[in-house]
Amino acid sequence: LPRLKHSQLIVFCAKRFSVTSHYNLRVAVALGRIGCDHNCAQMLARCTRVWGCTSNVHRSSRAVGSATRLLKPPMGISARPQPMQRNMSGRSMSIHAKAEEDLVRVKVTGRPTLDDVQRLARGQRAKKRGTGSRGVPHRLNEDELKAFTVAKDKHYLVLKGTGVRRTRRLGNNNPAFNIYRQLCDVYGWPAIYVEKGTGSDKPDVVLVDTSPVRLKDPTDLQQEITAFAAALGCNKIEDPDEAEEDDSEDEGGASVSGPVSPGPAELAAIEADIEAQGNVIRELKAEGLTNSDPAVKKEVETLLALKTRLQEKMQEVEVAKQALIEAAEAEEADETLRLEGPVWMLKTECMRFDCPEGRPQVKALAAELAGKFCVVQCKKSSRGVALR
């Protein structure tokens with residue numbers, strides 16, 4: 001705490017504790033000298049024990065007012081445990097991950113801020129480097145900007161068709177999809193789109209991308225969304241590419257996971273065979289045979305074959321160890337990208353839903369999904385309830 005002048009402490013004691021008599025004023029002067037040598041909290045405790053603190057304090061001068069503010073006892077900090085909630089502060093937002101039945105908080109530093117998303121939508125550069133990319137367009141035209149403004153309130157974006165612009169540009173050319181994905185990454189909820197069909201052969205569908213949530217395993221969330229859509233009468237459209245990948249994983253089995261390392265038992269058996277073969281050669285030489293004899297040559301060839309086999313197995317062990325190290329590094333890099341990288345570098349996790357009753361059911365499904373999974377947490381403040 002800051003130190004006060006001796007005269008300020010005397011005025012403070014006289015005003016705060018209503019010192020009127022000459023004797024009490026002398027005591028206040030003595031306590032004021034003590035307060036000059038010690039911190040203000042100790043002086044306040046001494047004064048309180050002598051006279052007791054009064055509720056009303058008259059701040060007649062600037063010095064008395066400053067002294068009163070500086071010498072107030074520190075406010076008590078409540079030890080009541082607060083419920084764990086999602087932090088909606090943008091770039092440093094935290095997500096919850098379930099590990100061994102316990103909720104842990106994982107800090108995500110790669111999320112953009114709402115200001116950067118709005119700047120990207122207008123074609124301006126973001127304040128944080130890496131939030132946008134020249135290879136991934138985010139600038140919206142007039143029609144897309146209107147739809148994006150409406151999507152901020154409805155929490156789902158309506159696209160004309162798939163939203164891809166008809167230009168000669170190669171690669172990702174869907175700025176409306178990209179910028180709304182950035183907006184959902186700010187709050188950490190799934191991106192919901194309504195793709196309006198451009199003809200009778202292209203019906204309206206609902207597209208849900210769970211990558212902005214940044215979950216390590218989005219299977220549970222995707223199953224929950226699928227069940228929620230099925231309860232409303234909408235079916236998930238199976239992607240043929242995903243079906244082929246699932247079949248290849250089932251058929252591949254252990255071959256997909258990497259090289260198989262020989263076990264210690266196999267290596268020990270080969271070493272035992274080499275030791276036994278060496279004993280056979282020693283016995284032949286003990287009988288008087290030399291290396292030029294056919295019997296010794298035959299046994300030496302067998303011994304060399306066993307050693308070659310052991311060397312190959314050891315190389316397989318080294319290759320398997322290197323593969324494990326590379327897999328661990330790749331997993332660590334993916335985890336770092338998931339938590340610290342921008343959302344445009346993450347792989348999309350899209351699901352499409354078909355609604356047989358047409359566009360009204362499509363919009364109803366999108367609204368229900370937004371109300372279920374796109375919820376902004378609130379925090380209590382002294383002026384009421386404020387959105388994070």
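In what order do the strands of the open sheet of 5 strands stand? The order is E3-E4-E5-E7-E6, with mixed pairing. Helices (H or I, at least four residues) and strands (E, at least two) are DSSP runs, numbered from the N terminus, and two strands pair if DSSP finds at least two bridges between them.

Some ground rules before the tour. This is a predicted model, in which local features need pLDDT of at least 70, side-chain atom pairs count only at pLDDT 80 or more, and totals for chains, interfaces and linings use all residues. Residues are numbered from 1 along each chain as its sequence is written, and side-chain values use heavy atoms, with hydrogens and water left out.

**Overview and confidence**

- The protein has 388 residues, and 31% of them count as buried (buried means under 20% relative accessible area, exposed over 50%, partly exposed in between, with a 1.4 Å probe and protein chains only).
- Its secondary structure comes to 13 helices and 9 strands.
- Among contacts with a separation of 6 or more, 65% come from residues 24 or more positions apart; a contact here means heavy atoms within 4.5 Å.
- The average pLDDT (the predictor's confidence in each residue, from 0 to 100) is 74, and 62% of the residues score at least 70.
- Over residues 34-38 pLDDT stays under 50, and the model has 9 contacts beyond four places in sequence for this stretch.
- Residues 378-388 also stay under 50, with 17 contacts beyond four places in sequence.
- Where pLDDT is low, the predicted coordinates should not be read in detail.

**The sheet, strand by strand**

- The order across the sheet is E3-E4-E5-E7-E6. E3 and E6 stand at the edges with a single partner strand each, so one side of each has no neighbour in the sheet.
- On average, neighbouring strands of this sheet are turned by 35° against each other, direction ignored (axes are lines fitted to C-alpha atoms, for helices over the stretch in contact, and angles run from 0 to 180 degrees between N-to-C directions).
- Helix H13 (residues 359-373) packs on the sheet and touches E4, E5 and E7, and its direction makes about 170° with that of E4.
- E3 (residues 157-160) and E4 (residues 191-196) run parallel and are joined by 4 bridges; Val158 stands opposite Val194 in E4.
- E4 and E5 run antiparallel, joined by 5 bridges, and Ile192 stands opposite Val208 in E5.
- E5 (residues 205-209) is joined to E7 by 5 bridges, and these two strands run antiparallel. Val208 stands opposite Met351 in E7.
- E6 (residues 235-237) pairs with E7 in the antiparallel sense over 3 bridges, with Arg352 in E7 as the bridge partner of Ile237.

**Which side chains face inward?**

- Side chains alternate along E3: Leu157 and Leu159 point to one face and are buried, while Val158 and Lys160 point to the other and are not.
- E7 (residues 350-354) alternates too: Met351 and Phe353 point to one face and are buried, whereas Cys350, Arg352 and Asp354 point to the other and are not.

**Helix H7 and its surroundings**

- H7 (residues 175-187) has 13 residues and should span 18 Å at 1.5 Å a residue (the expected span is 1.5 Å times one less than the number of residues); its end C-alpha atoms are 19 Å apart, which agrees.
- Of its 13 residues, 13 are buried, so H7 is largely enclosed by the rest of the structure.
- Val186 sits in H7 and counts as buried at 5% relative accessibility.
- The C-alpha atoms of Val186 and Thr113 are separated by 6.0 Å, although these residues are 73 residues apart along the chain.
- Just after H7, Gly188 takes a positive phi of about 75°.

**Loop residues worth a look**

- Thr131 lies in the loop between helix H5 (114-121) and helix H6 (142-154), and is buried at 4% relative accessibility.
- A polar atom of the Thr131 side chain lies 3.0 Å from the backbone oxygen of Lys128.
- Leaving out residues up to four places away in sequence, Thr131 touches Pro112, Asp116, Leu120, Ala126, Gln182, Pro342 and Trp344.
- His155, in the loop between H6 and E3, has a positive phi of about 70° although it is not a glycine; His155 is buried, with a relative accessible area of 19%.
- Arg214, in the loop between E5 and helix H8 (219-231), has a positive phi of about 60° although it is not a glycine. Arg214 counts as buried at 1% relative accessibility.

Key:
Polar contact = N/O pair within 3.5 Å; in protein donor to acceptor, adjacent residues only side chain to side chain.
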